[in-house]
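Trainee: I've got a new model open and I'd like to talk it through. Can we start with the basics?

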Amino acid sequence: MADTGIFATTAEVQRKAGANASATSNVEAYINDFITQAESFINVVTRNNWSDDYAALNADVKGILKEAASNLAAIYVLNYDLSGVSDRIAIEDRINLLMTRFWDCMDALTD
């Protein structure tokens, strides 16, 4: 299977999910789905279809879209199954950081 997202890749999401992510959700099939959902959410909330215009965007905007999509998809990976997590606070801290940066990106995209 290959990456199907426009803004981010499986590897980028896996790096952000980090250690102790669910082995079930931290695979390409799940991550492709999470990225698609993140991209759609970004497009709708910002009221701009970045997916259709992606090739024409400059590198800075592409970088913000990449960060936003990979952050949200990594949150989905981490949140999928917390039952085997021994240090829940560390995972929650990671999710909080990813969520804060996601919304920072969304603010930049809507300006």
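Mentor: Sure: helices (H or I, at least four residues) and strands (E, at least two) are DSSP runs, numbered from the N terminus. This is a predicted model, where local features need pLDDT of at least 70, side-chain atom pairs count only at pLDDT 80 or more, and totals for chains, interfaces and linings use all residues. Residues are numbered from 1 along each chain as its sequence is written, and side-chain values use heavy atoms, with hydrogens and water left out.

Trainee: How many helices and how many strands does the chain have?

Mentor: Reading from the N terminus, the elements go α-α-α-α-α. That makes zero strands and five helices.

Trainee: Which helix gives the most to the largest nonpolar core?

Mentor: A nonpolar core is a set of buried Ala, Val, Leu, Ile, Met, Phe, Trp, Tyr and Cys residues joined through side-chain atoms within 4.5 Å. The largest one here has 31 residues, with Ile 42 and Trp 50 among those with the most contacts inside it. α1, α2, α4 and α5 each supply at least two residues. With nine residues, the top contributor is α4.

Trainee: Is Thr 46 buried or exposed?

Mentor: Buried means under 20% relative accessible area, exposed over 50%, partly exposed in between (1.4 Å probe, protein chains only). Thr 46, in helix α2, has 11% relative accessibility, so Thr 46 is buried.

Trainee: Which side chain makes a polar contact with the side chain of Thr 46?

Mentor: A polar contact is a pair of N or O atoms within 3.5 Å; within protein, one must be able to donate a hydrogen and the other to accept it, and residues adjacent in sequence count only if both atoms are side-chain atoms. At 2.8 Å, the partner is Trp 50.
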